[in-house]
Every structure is written in C-alpha cells, then in structure tokens.
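User: I would like to learn how to read a structure like this one, step by step. Could you show it to me and then take me through its features?

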Amino acid sequence: MLLLGAVATGCGEETGAGAGEPPAPAPAAAAAPAFWVDPYSAAARQAATWRRQGRTGQARLIERIAGRPQAVWLNRDGAESVVRSHVGAAARARRTPVFVAYFIPHRDCGAYSSGGARDAAQYRRWIDGFARGLGNRGAYVIVEPDAVAQLVAGCRGANARERYDLLAHAVQRLKRQPHTRVYLDAGNAGWIPDPRRLVAPLRRAGVARADGFALNVSNYLTNKVSSDYGHRLARVLGGGKRFVIDSSRNGNGPFRGDLAWCNPPGRALGTPPTARTGVPALDAYLWIKRPGESDGTCRGGPRAGQWWPQYALGLASRARG
C-alpha cells in the first residue's frame, strides 16, 4: 500500500545506553498466538470466483494467500466499527487479529499512498475510536508504516513535531487496551541502513511504551537481513525491545533493478505468519502487506492498495511452501 525502499540521507542519531545488552528472550512457545484469517479477504473472494468458473488451478494458487492470516489496514474514517467487527470475528474463531493504523496526516508524503487525517485533532479522535474498537480481547497493531522513516529521510509538508506527538499518542492510547501488542513501524534495512539514525526519532515517537517495532512492511528484504537489522536496532535502542517482520512477499528476496519497491517482477510469498519464530527478540513473522494488493500505478498495476489478481498469481506460483 505504501512507497518504500528509498535511501535516506541526513545526520546520524545518538545511540542509546546499554547498547551491549543481549536481546530480550523469546516468549514461551505455549504463549504464541494463532493469527486470524479473514474469510472475506480479496484473495478469498477471488479464489471463490475462480472455483465457480472452473479455474481450479488458479483458485488453488490464490488459496495460498487466502488461507493465511493477513493484517487489516485501517486508513479512513470509521475505524472503530471496523476494528470491533474484526476483533469479534477473530474472538469467535479463537484467533488473534493483526491491524495496521495508517491514517497519519500527510501520509506517504504525497506519494502513491497519500491521504490520512486532515489534521491532528481528527487523527487523535480516530486513534481513540480505533482503541475503543479493540476492547479487551487482544490484537497486534502496527502503527503507521513509513511515518518515522520518512521523517528521517525527509518528508516535505509533514510537521515533524506534530507527527512525533501523534505517533506517541497512538502508541500510548493503543497500549491502554488489555492484551494489545503495539509495534511502531521502523522502515526497513535498505532505507535507513544505519539503525542509529532511528534511535532519537523512534524515542520521540513513543517506542518506549510500545512492545517493539515493525520492519520490512510492504518490502521484499529477506528475513535474515531484516532480523539482523532488528537485533542491531534493538541494541542501540537500549535493549529489551522486540520486533516483527513483514514476510508477506520476500520469498525471493528483493528485486535488483529500478523501482525495486513497486510491484517488482519475480517475487514470491514469504514465510507464513507465525509467532513461533525461534529467533531471540523476534516476536512474529506477519503478512502485514496483503499479498496481491498493488504498491501503486507502476508496471501496469492498479492504484496502491487495490487487489491485482495477476500479481497475486505470480507471488503464489513462486512460493516455496
């Protein structure tokens, strides 16, 4: 849904105290949640349509996407009722839903996924409603993909002080909900290669109150690259923070060529969502970007976030699992 992969420039940030501390231990396997699968996702609807049409081979491929848990993106008004509905459905299935809060003012800095709240007051009301919708049943929430890294890279039009304040409010408000795990987005290893540059921005954005941070959202970097980066970022933040990785489309790693971030050819589905990672400090592999949804109007794709069945087929056909 969003534009990723640009290389940022700028001044380095300070490192945190305790940079040499070991990463936090992984949670006990017995505590690992099972994530919720949306039975009405675009992939599920596509698979059902193709089965009715007798296109069973293509339907089976798309079911590799439809049958996996994926994040629900909240990016317009009315978040409270949508969140409440999905939380209820997940609770009935005894599963944990994953949400993405994606409504920050001047979202995506005017690029493919531009939009968001018209001002700070609207955003605060929206987050308050989002949190009420969560109730006390539990969820994973990814807070505002790109919002911090874009400020580090340079985001014209965005008020940095306001954005950091709004992100901190979002983290604090969402964490008030019992059993909700909150991960503040931290971009990806290719965008801000030196994790020290993220320390002060993430702190200003409220990472201290979050469970951790999210990496590789809507990108294609391998699990190893993202995991290594995540451990380095956790250390320079002072130790103790955990992270999640978007593994939705990284099965073949990144594309080596122009527009590597936007509907690159030859990519594949990655590690299925799981909280049983076996990696210290890595809480989960998640499908945060919904596979088959376009990155934007490049390479013949539809608008950012729109379902693109041909691209979905390619991702699924190349998947190893």
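**Reading the sheet and its loops**

Analyst: Let us begin with one pair of residues: V98 stands opposite Y140 in β3. This is a predicted model, in which local features need pLDDT of at least 70 and side-chain atom pairs count only at pLDDT 80 or more, while totals for chains, interfaces and linings use all residues. Residues are numbered from 1 along each chain as its sequence is written, and side-chain values use heavy atoms, with hydrogens and water left out.

User: How many bridges join β2 to β3, and how do these strands run?

Analyst: Strands (E, at least two residues) and helices (H or I, at least four residues) are DSSP runs, numbered from the N terminus, and two strands pair if DSSP finds at least two bridges between them. Here β2 and β3 (residues 139-143) run parallel and are joined by 4 bridges.

User: In what order do the strands form the sheet, and which stand at the edges?

Analyst: The open sheet has 7 strands in the order β1-β2-β3-β4-β5-β6-β7, with parallel pairing. At the edges stand β1 (72-74) and β7, each with a single partner strand, so one side of each has no neighbour in the sheet. On average, neighbouring strands of this sheet are turned by 25° against each other, direction ignored.

User: Which strands does α4 touch, and what angle does its direction make with that of β2?

Analyst: Contact means heavy atoms within 4.5 Å, and axes are lines fitted to C-alpha atoms, for helices over the stretch in contact, with angles from 0 to 180 degrees between N-to-C directions. By this reading, α4 packs on the sheet and touches β1, β2, β3 and β4, its direction making about 170° with that of β2. Helix α8 (residues 223-236) lies across β5 (212-215), β6 and β7, and runs at about 155° to β6.

User: Is N263 buried or exposed?

Analyst: Buried means under 20% relative accessible area, exposed over 50%, and partly exposed in between (1.4 Å probe, protein chains only). N263 has a relative accessible area of 2%, and is therefore buried; its place is in the loop between β6 (242-246) and β7 (282-286). Although N263 is not a glycine, it has a positive phi of about 45°.

User: Why is H106 called partly exposed?

Analyst: H106 is called so because its relative accessible area is 30%. H106 lies in the loop between β2 (98-101) and α4 (120-134), and has a positive phi of about 60° although it is not a glycine.
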